[in-house]
Amino acid sequence: MFKKFFKFLYGYVIIEICGKGAERFLNICLRRGIRIWDTVPMSDGIGASVLRQDFILLRDVAKKCHVRVRIKEKHGLLHMLRLYRNRRVLLVTLAVCAVLCIVSTRFIWLVEINGVENSDIAGITETLDKMGVRNGALKSRLPDGMDIKRAIISENDHIAWAWVYIEGAKARVEIYEQTIPPIVIDKDAPCDIIAARDGSIKRMVVKNGAEAVSVGDAVNAGDVIVSGKVPAYKEGQDEEYIYVHSMAEIDAYTSHKHTGEYKLYYESRTPTGKRRKHRSIEIFGKVYTLPARDVSYEDYDVSEKRSELNIPFFGYSGIAVDTVSYNEVTVNKEPISIETAVEFAKNDLEEKISKELRTGSRLQNENIEYVKKDNETISVTLEMNFIENIAAEQPLAEN
């Protein structure tokens, strides 16, 4: 971006190099340190761009290589001022707009928060607003970055690190969340062993605690399998218990079932080239929707693009254009066999079931069934049976 700005500031010309020695011309220019870019081949030579101040140096090189160099276009600030020197109203308007854009960078017009997945985005926004990081805030009055960081971390759960980067009129808030560890109960704290999910007990190895079920029993998620409340009395004596930290390995037969609907065709989408764009312009925090025609396409894909006006050395100016493109497509359906559709469905359903499994689960068997709902759709059900360690600790309060 800065290179383009300086090229525009210094001014440059687009030239045409005609003759058989065009390639030699470019090599000599590079050896002499003459900056040439955007070279493109032409029918009778080469097109390129060169700075205004370097153009005069091309005369000797052109004479040496027996080529003709002519100016095709002129670009740059000086050329633009000469071109519009008699249009004073336009120049004054441009100057006023430039001043407004530069002044606007003294304020915050956009707050962008990145890195939030599990945390409460509303809570982070509330904290930022309380600290003064909001649309329309004067940058010089913002609190110290460390103060904002401490407020975000202390007032919101599971935030490991945060920082606010000021980029022109934009405040970019980067958030790093904590990796939430599994709940681990202190070994000296009493607890029960409960079932993490429904199943039928296959094997029990109880290291501490009192068995509440037996091998072969069916349990539901949350049922106590090994109790941390252990009787410490003999028959005929008053009831007395000790509370221990239960420890056990509990293997159980578990079943996981998922159902989904799948198509009996493969769908491809080919753009037709027709497109409708809906634009909105954001000016200093206010969004204005520009008039646009309705989308009448039957099938289309949607894409979004945001273009921000950035001023060199200042950054985001507070002005942006959001464009939503609706691209018409032709949908082609290629039929596939039921066997292929079932195979696709199996892979998808297996992925969903895998997210439910506990570490070390062992597959025993699986069964897949499908029902044809209509000529284009089938309903597929996958049931997978595992042996899983379903033991989970649950704190036990002493009474």
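Start at threonine 259: its bridge partner in β23 is threonine 381. That bridge belongs to a longer stretch of pairing, since β17 (residues 247-263) and β23 (residues 377-389) run antiparallel to each other over 13 bridges. Keep in mind as you look around that this is a predicted model.

Zoom out from those two strands and you'll find an open sheet of 5 strands, paired antiparallel in the order β13-β11-β17-β23-β22. Its edges are β13 (218-219) and β22 (362-372), each of which pairs on one side only.

Now look for the helix that goes with this sheet. Helix α9 (residues 338-354) lies across β17, β22 and β23, and runs at about 40° to β23. Its length checks out nicely: at 1.5 Å a residue, 17 residues should span 24 Å, and the end C-alpha atoms of α9 are indeed 24 Å apart. Which residues of α9 are buried? They are Ala341, Val342, Ala345, Lys346, Leu349 and Ile353. Looking down the helix axis, these buried residues fall within an arc of 140°, so they line one face of α9. The cover over them includes β17, β22 and β23.

Next, the aromatic rings. The whole structure holds 5 aromatic pairs. One of them joins tryptophan 109 and phenylalanine 284 in a tilted arrangement, with 5.1 Å centre to centre and 35° between the planes. The two come from distant parts of the chain, 175 residues apart: tryptophan 109 sits in the loop between β5 (107-108) and β6 (110-114), phenylalanine 284 in the loop between β18 (265-283) and β19 (286-289). Tryptophan 109 is buried, at 16% relative accessible area, while phenylalanine 284 counts as partly exposed at 26%. Along with Phe107, Trp109 and Phe284 form one aromatic cluster.

Another pair is tyrosine 300 with tyrosine 326: their ring centres are 5.6 Å apart and their planes meet at 75°, so this one is edge-to-face. Tyrosine 300 is in β20 (residues 300-311) and tyrosine 326 in β21 (residues 315-335), so the pair ties together parts that are 26 residues apart in sequence. Tyrosine 300 is partly exposed, with a relative accessible area of 34%, whereas tyrosine 326 counts as buried at 17%.

Last stop: arginine 32, in the loop between α2 (22-31) and β2 (36-42). With a relative accessible area of 47%, arginine 32 is partly exposed. Leaving aside residues up to four places away in sequence, arginine 32 touches Asp60, Val61 and Lys64. Leucine 57 is 25 residues from arginine 32 in sequence, and their C-alpha atoms are 9.5 Å apart.

Conventions:
Residues numbered from 1 in each chain as written. Predicted model: local features only at pLDDT ≥ 70, side-chain atom pairs only at ≥ 80, totals over all residues. Heavy atoms only, no water. Pairing = 2+ DSSP bridges. Helix = DSSP H or I, 4+ residues; strand = E, 2+ residues; numbered from the N terminus. Contact = heavy atoms within 4.5 Å. Axes fitted to C-alpha atoms, helices over the stretch in contact; angles between N-to-C directions. Buried < 20%, exposed > 50% of the residue type's maximum accessible area, 1.4 Å probe, protein only. Expected span 1.5 Å × (residues − 1). Arc of directions from axis to C-beta. Phe/Tyr/Trp six-rings, centres within 6.5 Å; stacked < 30°, edge-to-face > 60°.
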